[in-house]
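Please look first at the sequence and the model shown below. The paragraphs after it offer a guided reading of selected parts.

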Amino acid sequence: MPACDVTPEPYKGRSYEETMKIKRSNIAPTKVPAYSKPLLLTQGKMQWLWDDEGRRYLDMFAGIVTVSVGHCHPTVVGGLKEQLDEIWHTTNLYLTPPMHEYAEKLTSTLPDHLKVCFFTNSGSEANDLAIALARQYTSSFDVISFRNAYHGGSPYSVGLTAHGTWKHSYPNGFGIHHSMNPDPYQGVWGGSKCRDSLVQADRQCGCDGECEAGERYLEQLKEVLDYSVGGRPAALFAEPVQGVGGVVQFPKKFLKKAYELIHERGGLCVSDEVQTGFGRLGSHMWGFETHGVTPDIVTMAKGIANGFPMGAVVTTKEIAQAFTGTLHLNTFAGNPLACTVASKVLDVIQGEDTMGLCRRVGERLIRGLATLRDEFNIVGDVRGKGLMLGVEMVQDKGSRAPLSGPDMLEIWDNMKNMGLIVGKGGLRGNTFRLKPPMCITEEDADFTIGVMRKCISDFANKQPQRKVTI
Ligand SMILES: Cc1ncc(COP(=O)(O)O)c(C=O)c1O
């Protein structure tokens, strides 16, 4: 494990057993298994986490892509400490310096037409508000998103989310339609050269020039518009790279053509940057820029404030104006503490060349992960860009059938036991997700690859048919 010069304070809080007892009695049950034995994490510093027994872990998941610049980054902590003695809350009925300064700073990173901010407390709230804005502005109701998308769990946004695993049986998604997911690896039409990634999908395609798969998925979107939408759509929602869905990248140019189609039909395009924003993709500040598109509304959360609860919707003056007919209030929106933290996060991203780090370390990481795909038959796909990477685990390369839940858990547990925390995602939970705080080093990348190789190899060695290399 790479060295670390931080000595954690010994943990003196409630014991693991007592905490688990409270979890079982007083915390809402969840279907998501957090390892066979859940982790009790008590301290964090930059890319490192410590558990109650003082064991150190490399955090390659950042609290689900949220601790953007590092746990307890000193610049962010310093800013927050100062603000704690100034003012905590007033509501945005009044002017406060942190909210106004942050709105100016944030919009300076976006294209000129995106100038007006609504602040929220989460990504789900941001997407709810974006749906409402689009419907109000267009006077239309129909909204489209892609299968395999995750846009939130609130009553409105869960309708955009197109993963059965996240749906309850209560009515949701009225007026929301899901188009076929343009996935070059698992989709019905594969693509072997169309991803904006250093690693391409291991699928056959006969494309020469234009990407055939991209065109066919676009036809599917046209069909949704023609068959399911009555006239003008309100909006299309898309993640520039699908996050919870397992780091799925659309064929290049697909999103650009999808935006053109929606705009032709009078709808708005919304870019959900909750995971892809703030430089994570390494080449641009915003995921939509990597597709060469300009959205009408951008939603963001998670990494915006390094773990402090906050979200935002940024849009044009005209669209925002459509929301002034009635009152709109969100009590905590623009909270001075949250805006101070978010402001410091932007200072770090811009001052420490965070985007350059994502590009440099991300390249090393994805090249290393690609060697795992070459070595193991159960590593089906490696994809992504910058520090948003996915490793899809399969039963074998030929079938592309997902590696089972218990098999994934075994490998995942073993990585954790060796000090590596990664995420899991995809409809069937068979994609390892690597989305660390944007401060990891090349050495951390090498450690990650080494641990993954060891755990995958130990697993494959127990089942010789899976050891096949290509
Ligand atoms: C792309 C995307 N949009 C929206 C959300 C919802 O954000 P929140 O959990 O803050 O409500 C998420 C959460 O994972 C997300 O990944």
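The text that follows turns to a sheet, its helices, a cavity and some single residues.

The model is a predicted one. A convenient place to begin is an open sheet of 4 strands, in which the order is S11-S12-S15-S14 and the pairing is antiparallel. Strand S11, made of residues 379–385, and strand S14, made of residues 423–425, stand at the edges; each has a single partner strand, so one side of each is left without a neighbour in the sheet. On average, and with direction ignored, neighbouring strands of this sheet are turned by 25° against each other.

Within this sheet, strand S15 (residues 431–434) deserves a closer reading. Strand S15 pairs with strand S12 (residues 388–393) in the antiparallel sense, over 4 bridges. Two positions show how the residues face one another across this pair: Gly 390 stands opposite Arg 433 in S15, and Val 391 is set opposite Phe 432 in S15. S14 is also joined to S15, by 3 bridges, and these strands run antiparallel. Here Gly 425 is the residue opposite Thr 431 in S15. S14 and S15 form a hairpin with 5 residues between the strands, and in this hairpin Gly 426 takes a positive phi near 90°.

Which residues of S15 are buried on each of its faces? In a regular strand, side chains alternate between the two faces of the sheet. In S15, Thr 431 and Arg 433 lie on one side, Phe 432 and Leu 434 lie on the other, and all are buried, with both faces covered.

Helices lie across the strands of this sheet. Helix H13, which spans residues 405–417, lies across S12, S14 and S15 and runs at about 30° to S15. Helix H14, which spans residues 442–462, lies across S11, S12 and S15 and runs at about 165° to S15.

The next topic is the enclosed space in the model. The structure holds 3 cavities of 30 Å³ or more, and the largest cavity contains about 50 Å³ of space. Its lining is formed by Val 65, Ser 68, Val 274, Gln 275, Gly 277, Phe 278, Arg 280, Gly 303 and Met 438. By class, this lining comprises 4 nonpolar, 4 polar and 1 charged residues.

Some single residues may now be considered for their backbone angles. Most residues other than glycine have a negative phi. Ala 62, although not a glycine, has a positive phi of about 55°. Ala 62 lies in helix H2, which covers residues 62–65. Is Ala 62 buried or exposed? With a relative accessible area of 0%, Ala 62 is buried. Ser 139 likewise is a residue other than glycine with a positive phi, near 55°. Ser 139 is placed in the loop between helix H5 (123–138) and strand S5 (143–146). The relative accessible area of Ser 139 is 68%, so Ser 139 is exposed.

A last residue links back to the sheet. Ser 108 is found in the loop between helix H4 (97–107) and strand S4 (116–120). Ser 108 counts as exposed because its relative accessibility is 56%, and the cut-off for that class is over 50%. From C-alpha to C-alpha, Ser 108 and Leu 434 are 29 Å apart in space, and they are 326 residues apart in sequence. Leu 434 is one of the buried residues of S15.

Key
Residues are numbered from 1 along each chain as its sequence is written. This is a predicted model: local features need pLDDT of at least 70, side-chain atom pairs count only at pLDDT 80 or more; totals for chains, interfaces and linings use all residues. Side-chain values use heavy atoms; hydrogens and water are left out. Two strands pair if DSSP finds at least two bridges between them. Axes are lines fitted to C-alpha atoms, for helices over the stretch in contact, and angles run from 0 to 180 degrees between N-to-C directions. Contact means heavy atoms within 4.5 Å. On a 1 Å grid over the protein atoms alone, a cavity is a set of points where a 1.4 Å probe fits but cannot get out, and a pocket is an open set with protein on both sides within 12 Å along at least five of seven lines; lining residues have an atom within 4 Å of a point. Grid points are joined across faces, edges and corners, and a volume is the space filled by probe spheres set on the points. Ala, Val, Leu, Ile, Met, Phe, Trp, Tyr, Cys and Pro count as nonpolar, Asp, Glu, Lys and Arg as charged, and the others, Gly among them, as polar. Buried means under 20% relative accessible area, exposed over 50%, partly exposed in between (1.4 Å probe, protein chains only).
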